[in-house]
Structure formats: structure tokens, C-alpha cells
Amino acid sequence: MPAISFPATTDLLFVFMVGNGIVNVTLRSARPLNDDAWHWVQVEINVKMARLRVDRQPWAVRRFPGQTYLTLAFTQPLLVGAAKHKLRAYLGCLRGLRMNGVPLDLEAKADEQEGVRVNCTGQCLNAAVPCRSGGRCIEGYASYYCDCNNTAFEGSYCHKDIGAYFETGSWLRYDIRREALSDEAAWTSSPDPRNFSLGFNQTSEEMEFSFSTTRTPAVLLYISSSIRDYVALILKHDGSLELRYRLGQFTHKYQVSPLNLADGFPHFVNITRHNYTIRTQLDYMDPIWEKIPLLQDSSFNSPKSMFLGRVMEVGDLDHEIQRHNTPGLDGCISGVRYNIYAPLKTYFRPNEADPPITTQGYVLESNCGAYPPIQGPVPPEADPWYTGLVFEYIHDDLPSLPVLALIGLLFLALICVVLYAIYLYLYRYKGSYHTNEPKNLESPSSAWPLTETFLRDKNSNLPQTPEESRSE
């Protein structure tokens with residue numbers, strides 16, 4: 001009977017029997033298979049070969065010689081999770097089992113008394129706290145976690161903002177591409193709008209950030225290119241917010257908000273473009289849809305650098321950008337993301353030795369520009385770092401228990417010694433009386449003590465008073 005086993009962390013084994021004995025197919029994975037993640041397994045056997053596959057890895061194939069006799073007669077029940085002759089049972093989650101295209105109902109055979117539980121459908125579908133800010137939910141064995149790599153946030157659920165305070169005149173530059181693409185690379189680049197990393201002939205963008213300031217004007221975000229194309233978000237003198245696109249030979253202007261946003265409160269901005277359609281949204285207001293004229297270019301060619309706070313681009317700048325570029329942003333900006341690039345997160349949480357970041361002036365990490373999320377904070381019961389209302393301090397700086405016991409015994413012995421010394425000092429003359437009278441001395445030849453005889457003779461020589469005479 002065929003069997004699939006998991007003998008090692010990187011090996012998967014398919015064992016079966018043909019006419020000339022037992023044969024197996026072994027697949028060796030490049031990474032461990034017990035990595036707390038879901039894996040897809042496919043097994044196929046026919047008269048020509050047997051093959052095994054995991055996820056999208058190459059097939060492991062075992063071909064049969066010509067005229068091989070192969071028959072699969074299943075006379076025993078199907079065993080899932082363990083075999084009768086194996087002591088090491090499978091510990092994990094299994095779902096979506098099919099044989100010859102027919103799904104098998106594993107839930108109907110589950111018995112919790114035997115350690116088999118149902119509802120092994122993954123946690124991401126009904127997560128207690130979903131991943132936020134565009135974080136990607138990753139399934140685990142009876143658990144899940146959020147991948148925040150392509151977001152501008154961090155935390156267990158990608159809910160913690162990363163922002164900065166910019167002093168007047170300070171700026172930050174993030175190099176999307178440190179050198180321009182060659183003509184050959186540009187020709188071979190894929191036009192897929194979801195491929196943000198190529199950076200050539202780009203027809204889709206997504207930008208989001210939050211900011212707070214009380215001074216105008218300022219260029220909040222500026223994205224340059226290897227040619228004269230650019231994208232800019234400008235806070236004008238009256239506090240209104242304007243979006244400017246230069247695509248090819250034409251510059252397009254769109255008003256994001258006519259209100260005065262330099263009021264010191266955080267404001268959230270989201271800009272999404274797909275081909276000729278632009279969607280702008282401020283805070284949680286209704287989005288505004290704009291259109292680029294169809295006869296004009298819609299490609300943002302080869303984005304090069306992203307500037308925050310102030311534009312310090314080498315070369316000619318648009319006159320409108322120069323007019324609003326001085327003195328620069330004096331305030332806070334937070335949660336900045338352009339497609340998959342998060343400059344503030346790269347600057348404050350670097351994961352490479354030489355991050356593509358250049359700064360000048362006073363740029364300090366701060367969440368003063370963070371916009372309050374509409375979903376609210378993470379509930380305490382779902383927060384893995386929540387310790388309760390009362391924090392119990394653990395005195396891990398104290399000595400170990402044997403040392404404490406020895407110190408207690410020494411202290412108790414010292415108390416006993418001191419008490420015994422006090423006892424000896426206070427009660428060393430107990431039962432003794434101080435007197436000037438001599439002690440009674442007995443004469444060896446008389447039954448009367450010598451002391452009493454001496455006292456009687458002494459008293460007889462003294463004169464007697466009348467009262468003593470009458471008494472006698």
C-alpha cells in the first residue's frame with residue numbers, strides 16, 4: 001500500500017510497492033518543511049513513473065522500466081496521521097485531502113478523544129485581530145502572524161506607526177534606484193503594473209502618509225525620476241494641499257483639499273493611481289476621482305529618489321516646486337509609503353548594512369504626525385505583550401534560593417548567639433546575696449555553730465534595756 005512519510009525536516013518520502021518489490025521517491029527540499037507554515041503536497045503514480053512535489057518546487061521523479069507491472073489494490077483502510085507499525089505520529093495540521101480528484105471528509109472521522117480535532121482551516125480567515133496597514137497574514141500551525149515588511153508600520157499586527165519630526169530646513173532622501181536603467185534593461189522590463197521594483201514605464205502608484213504642521217508652505221513628498229518626471233504633494237501658502245504629476249511633457253495639478261491643513265492636527269493622505277485614473281483621499285472623507293487626459297502619457301518613467309521635508313534634487317526644478325520648497329517642513333510626518341518603499345522605516349529600523357538613506361538637519365523619530373486609526377487599538381486579550389492592569393515586578397536581581405537559605409540560617413544563628421550572651425550577662429549572679437555578715441561555721445567538736453556562740457557571747461557583754469529584762 002502506498003505511504004507518504006516525513007522522515008526528516010527537509011525530506012518527504014513516497015513509498016509504494018510494484019512487481020519487483022518496494023520502491024520509494026524522496027524529495028529533498030531546499031528549506032525545512034517544519035517551519036510552522038502551510039505546504040502543498042502532490043503525489044502521482046502511473047504505469048510509467050511516480051513523482052512527488054511540494055509547493056512550487058521541482059518534481060522528484062522515479063521512472064519505471066519498460067513493461068513494469070503495476071497494480072494498486074487497496075484492501076486496507078486509509079490511515080491519516082499515523083500507521084499501525086509506526087510509533088511517531090504526525091503532529092500538525094492537514095486539510096484539503098484528495099484522492100483521484102475526490103475530496104475526503106476528514107472532519108467526519110475526527111475524534112478529539114484520540115487527539116484529532118476539527119476546524120483546521122487556518123487562522124487568517126477568522127483572525128481575532130486582522131493584520132492592519134496592508135500587512136500580510138501568514139498562516140502557522142494553529143496560529144498566524146503579520147508580515148509588515150512591505151508596510152510603513154511595525155508591531156504584532158502592523159499597527160505601530162513609525163514617524164519623524166523635521167526641523168525647518170532638514171530633509172531626508174531615499175534612493176529608490178542609485179543608478180539609471182540602461183536601454184537594454186529598460187527594454188526587457190516587464191510592463192506589469194504590479195511590479196513596482198523595476199521602476200521603468202510605471203503606470204501605477206500608491207502613496208500614503210500622515211502629517212501635522214502649523215507652518216506653510218512645504219513640499220511634503222517629492223518623488224523624482226531619472227528624467228524630468230516627478231510626483232509632488234505640496235502644502236501651499238493658504239494651507240491647502242495640491243497633488244502635481246509631471247508625466248512626459250505635461251504637468252497635471254489636482255487639489256486634494258481646499259481646507260487649511262496647517263492647523264497642528266494630524267491628517268492622513270492616500271493617493272492611488274492606475275493608468276489614467278487617480279484616487280485621492282484625505283483623512284476619512286469620501287475619496288475624489290480624477291482623470292489624466294487619454295491622449296497624454298500615463299507612464300512615470302524610472303523613479304529615482306524620494307524626498308521628505310525639503311527637495312534637494314540636483315538639476316532644474318519646476319518653478320512651482322521651488323516656490324514652495326523654502327524654508328521646508330517644520331512639523332511631523334509619519335507612516336510614509338510609496339508602493340513598497342518606506343523611507344522612515346528604513347531609516348529608523350534598518351535591516352541592511354548600507355541603507356539608501358541620506359539626511360541633513362534635525363530628523364528625530366516621533367509619532368507626533370500619526371493619524372488615529374479608525375479600527376482602534378489592539379484589544380488587551382489579543383496583545384501578546386499585555387501583562388494586565390497591575391504589573392507584577394519579578395525580582396530577578398536577587399540571589400538564588402540556596403544562597404538566600406544560607407543567609408537566613410546565618411542570620412538566625414547570629415540572633416541566637418546574641419540572645420545567649422545577653423542571658424549570661426543578666427543572670428550570672430542569680431541566687432547570691434551580698435552581706436557583710438560572716439557565713440555560719442560549724443565546729444568539728446560541737447553541734448553548735450561557732451558563729452552563733454560568738455554572737456551570743458558578744459551580746460551578753462552589752463547592757464540590757466528594761467524591755468529586754470522583762471521579756472526574759
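The paragraphs below go through the nonpolar cores, a buried arginine, some backbone features and a surface patch of this predicted model.

The largest nonpolar core holds 41 residues. Within this core, Phe 166, Phe 209, Leu 233, Leu 243, Ile 333 and Leu 344 touch the most other members. Leu 233 can serve as an entry point. Setting aside residues within four places in sequence, Leu 233 has contacts with Phe 209 and Leu 243, both of which are also on the list of residues that touch the most other core members. The other contacts of Leu 233 are Ala 218, Val 219, Leu 220, Leu 221, Leu 241, Glu 242, Val 256, Val 269 and Ile 271. A second core, separate from that one, consists of twelve residues, among them Ala 50, Leu 52, Ala 60 and Phe 64. In soluble globular proteins, nonpolar side chains tend to be buried together.

Ala 50 gives a view of the second core. This residue lies in strand 5, which spans residues 49-54. Is Ala 50 buried or exposed? Its relative accessibility is 0%, so Ala 50 counts as buried. Beyond four places in sequence, Ala 50 touches Phe 14, Phe 16, Val 25, Glu 44, Ile 45, Ala 60, Val 61, Arg 62 and Phe 64. Of these contacts, Ala 60 and Phe 64 are named as members of the second core along with Ala 50. Arg 63 is 13 residues from Ala 50 along the chain, and the C-alpha atoms of the two are separated by 6.4 Å.

A charged residue comes next. Arg 244 is part of strand 18, residues 241-247. Its relative accessible area is 6%, and therefore Arg 244 is classed as buried. What does the side chain of Arg 244 join through a polar contact? The partner is the side chain of Glu 242, at 3.3 Å. Glu 242 also appears among the contacts of Leu 233. With neighbours within four places left out, Arg 244 is in contact with Tyr 230, Val 231, Ala 232, Ile 234, Thr 251, His 252, Lys 253, Asp 318, Glu 320 and Ile 321.

The backbone has several features to check in the loops. The peptide bond between Thr 216 and Pro 217 is cis, with omega about -5°. Pro 217 sits in the loop between strand 15 (204-213) and strand 16 (218-225). Another cis peptide bond runs from Thr 326 to Pro 327, where omega is near 5°. The loop that holds Pro 327 lies between helix 2 (319-324) and strand 24 (331-338).

Positive phi values also occur. Cys 158, which is not a glycine, has phi near 55° and belongs to the loop between strand 11 (153-154) and strand 12 (160-161). Cys 158 is buried because its relative accessible area is 0%. Asn 339 likewise has a positive phi, near 55°, and is placed in the loop between strand 24 and helix 3 (343-348). With 2% relative accessibility, Asn 339 counts as buried.

The last stop is on the surface. Phe 411, Leu 414, Ile 415, Val 418, Leu 419, Tyr 420, Ile 422, Tyr 423, Leu 424, Tyr 425, Leu 426 and Tyr 427 make up a nonpolar patch there, and their accessible area together is about 1,300 Å². One of these residues, Leu 414, is in helix 4, residues 401-426. Leu 414 has a relative accessible area of 52% and is therefore exposed, since the cut-off for that class is over 50%.

Definitions and conventions:
Residues are numbered from 1 along each chain as its sequence is written. This is a predicted model: local features need pLDDT of at least 70, side-chain atom pairs count only at pLDDT 80 or more; totals for chains, interfaces and linings use all residues. Side-chain values use heavy atoms; hydrogens and water are left out. Patches are made of residues with over 30% relative accessible area and no salt bridge: like charges are joined within 9 Å, nonpolar side chains (Val, Leu, Ile, Met, Phe, Trp, Tyr) within 5 Å. Accessible areas come from the Shrake-Rupley method with a 1.4 Å probe; for residues, only the protein chains shown count as cover. A salt bridge is a side-chain nitrogen of Lys or Arg within 4 Å of a carboxyl oxygen of Asp or Glu. Helices (H or I, at least four residues) and strands (E, at least two) are DSSP runs, numbered from the N terminus. Buried means under 20% relative accessible area, exposed over 50%, partly exposed in between (1.4 Å probe, protein chains only). A nonpolar core is a set of buried Ala, Val, Leu, Ile, Met, Phe, Trp, Tyr and Cys residues joined through side-chain atoms within 4.5 Å. Contact means heavy atoms within 4.5 Å. A polar contact is a pair of N or O atoms within 3.5 Å; within protein, one must be able to donate a hydrogen and the other to accept it, and residues adjacent in sequence count only if both atoms are side-chain atoms.
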